Each structure stands twice: as C-alpha cells, then as structure tokens.
Amino acid sequence: MSAVPDGKKLVRSPSGLRMVPENGAFNSPFSLDEPQWVPDKECPRCMQCDTKFDFITRKHHCRRCGRCFCDKCSSQKVALPRMCFVDPVRQCAECSLISQKEVEFYDKQLKVLTAGGTFLVRVDSSEKSETMVCRLSNNHRYLFLDGESHFEVELSRISSMQVLTEDSTPGGGSLRASGMVLQYKPPGSQNLQQLHMDPADDKRIASAWLAAMHKAAKLLYESRDQ
C-alpha cells in the first residue's frame, strides 16, 4: 500500500486554494477537514467582541473554526498546512495561535521524523532486540523500520503511543525522551502488537526524534477526534 504514488491536485474551496491528494484515502493522518462555516443569518454579531455587523463592519469566517468575526478580530492570515492551504488564510486570534505552533511542527519536527533515528527495537514480549532505523514516510502515513529485517507501521493503525522520559542532568529537573512503546494492529489482524524502542548509537538524534514523535502523536489524536 505504501508504494502507491500519492498524486496531488489543486482545488478551490470558499476558504482558498488547497493542494490535496487525488485520492482522499491518502490524506496525511495529521490533516484536518475544513470546518462548516456558521451561516451568515446565525451570526449578526462578531463572535469575539460582539460588534454588530452592518454595511461598514463586515463579517469574516475563520478558516480553521468556521465562526464569524469582524475584521479586527480575524485580521491575521496564518499558514494552515493541516488543511493543505497553499497560502496563509484568515483566522481568528485563538486559532491563529494554534496554527502558528503547528507551522513550527511542519517546518522542524517533520524534518526530524522523516530523517529518522536509530533504535533498539523489540516486538511484544521478546527479549531479542534488533538495531533499526525508524523514520516517518514522506507522505506521513507510515513508520518505516529498517535493519536486518524491514516492516512498516501505518499511523492510522496505532492505538496507543507512550514516549518514555528520563533525567538528562545529574541533579534532575530536566527530562529528555528515552524510549517509546507503541501498540498497533498489523494489516489483516485485529490483535494488538507492541513495539519497544530504545535509543541506539547517537542518543541525541534518537531523543530528538522521540520528542518530535510525541508532538506528532498529539496532532494525530486531534485529527481522529475532529
């Protein structure tokens, strides 16, 4: 499944131009659907400052939450990669702060995840571990694990993910990612399989990869809950 090319197409929505997969089944697991806009007739006033809309004070919809705001309360245009917008789009103050944090994830953490890290990997309760490079696929849909063997974990089939931490300084007080345990359902199976991942070789790179994966998990669960 992961070998299928993910073609893109440009589509125009009321909110702006979006570059989306040609096949919706290949959407990034971090993506969010566009919200339904609150109908104009249901928002006679700004939903932030309560200013009444009229000929001079026009209403605008936040592209992230779909609510109505005046220009002052929705003046920022911020990139929204989770909805695949080509250009920055209008958002309310609350949503723009969230989107700005997510832009950092897309600009920095995703690069760390696709570059990969080296881990000692154990499957289920096995005591035998294998040194493997783990990285996120370019379409963000799979974790690739490569060593003497190779296997893939589809992010949509991960049921739980726990990033382990430890003190990074002798005196304590500063934590760093030290490992990860994830449970997932292999294709064609309803039984959970568990992976244990501990840093190997360059622990600094592995720890940065785990920290980025922790942030990715938060976005992943948000996408599922929308």
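**Which residue in E12 does Val163 stand opposite?** Let's work up to that together through a few exercises.

Before starting, note that this is a predicted model: local features need pLDDT of at least 70, side-chain atom pairs count only at pLDDT 80 or more, and totals for chains, interfaces and linings use all residues. Residues are numbered from 1 along each chain as its sequence is written, and side-chain values use heavy atoms, with hydrogens and water left out.

**Exercise 1. Find the partners of strand E12.**

Step 1. Get the vocabulary ready. Helices (H or I, at least four residues) and strands (E, at least two) are DSSP runs, numbered from the N terminus. Two strands pair if DSSP finds at least two bridges between them.

Step 2. Look at strand E11 (residues 158-167), which pairs with E12 in the antiparallel sense over nine bridges. Here is the reply to the opening question: Val163 stands opposite Met180 in E12.

Step 3. Now turn to strand E13 (residues 193-199), which runs antiparallel to E12 and is joined to it by five bridges. In this pairing, Val181 stands opposite His196 in E13.

Step 4. Ask how enclosed E12 is. Buried means under 20% relative accessible area, exposed over 50%, and partly exposed in between (1.4 Å probe, protein chains only). Strand E12 (residues 175-184) is largely enclosed by the rest of the structure because seven of its 10 residues are buried.

**Exercise 2. Describe the hairpin at the start of the strand list.**

Step 1. Locate strand E1 at residues 8-13 and strand E2 at residues 16-21; the two run antiparallel and six bridges join them.

Step 2. Find the link: a hairpin connects E1 to E2 through two residues.

Step 3. Match residues across the pair. Val11 has Arg18 in E2 as its bridge partner, while Ser13 stands opposite Gly16 in E2.

Step 4. Add a general rule for reading such strands: in a regular strand the side chains alternate between the two faces of the sheet.

**Exercise 3. Compile a profile of three residues: Cys62, Ser137 and Ala216.**

Step 1. Place each one. Cys62 sits in the loop between E3 and strand E4 (68-69). Ser137 belongs to the loop between strand E8 (130-136) and strand E9 (142-146). Ala216 is part of helix H2 (residues 203-225).

Step 2. Are they buried or exposed? Cys62 is buried, with a relative accessible area of 0%. Ser137 is buried at 3%, and Ala216 is buried at 1%.

Step 3. List what they touch, where contact means heavy atoms within 4.5 Å. Leaving aside neighbours within four places in sequence, Cys62 is in contact with several residues, among them Trp37, Phe69, Cys92 and Cys95. With those neighbours left out again, Ser137 is in contact with Thr114, Tyr142 and Phe144. Not counting residues up to four places away in sequence, Ala216 touches Phe30, Phe105 and Leu113.

Step 4. Set sequence beside space. Cys62 and Ser96 are 34 residues apart in sequence and 9.2 Å apart in space, C-alpha to C-alpha. Ala216 and Asp107 are 109 residues apart along the chain, and 13 Å separates their C-alpha atoms.

**Exercise 4. Identify two residues with a positive phi.**

Step 1. Recall the background: most residues other than glycine have a negative phi.

Step 2. Check Asp50, whose phi is near 70 degrees, a positive value in a residue other than glycine. Asp50 lies in the loop between E2 and strand E3 (60-61), and Asp50 is partly exposed, with a relative accessible area of 45%.

Step 3. Check Cys84, which has a positive phi of about 65 degrees although it is not a glycine. Cys84 is in the loop between strand E5 (76-78) and strand E6 (89-91).

**Exercise 5. Sum up the whole chain and its annotated region.**

Step 1. Count the elements: the protein chain has two helices and 13 strands.

Step 2. Give its extent: along the principal axes, the C-alpha atoms fill a box of roughly 70 × 50 × 30 Å.

Step 3. Give the buried share: 42% of the 226 residues count as buried.

Step 4. Turn to the record. An unreviewed UniProt entry lists residues 40-95 as "domain: FYVE-type"; UniProt positions are given in the numbering used here, feature names are shortened, and annotations may be inferred rather than shown by experiment. Over residues 40-95 the chain is 5% helix and 18% strand, with the end C-alpha atoms 20 Å apart.
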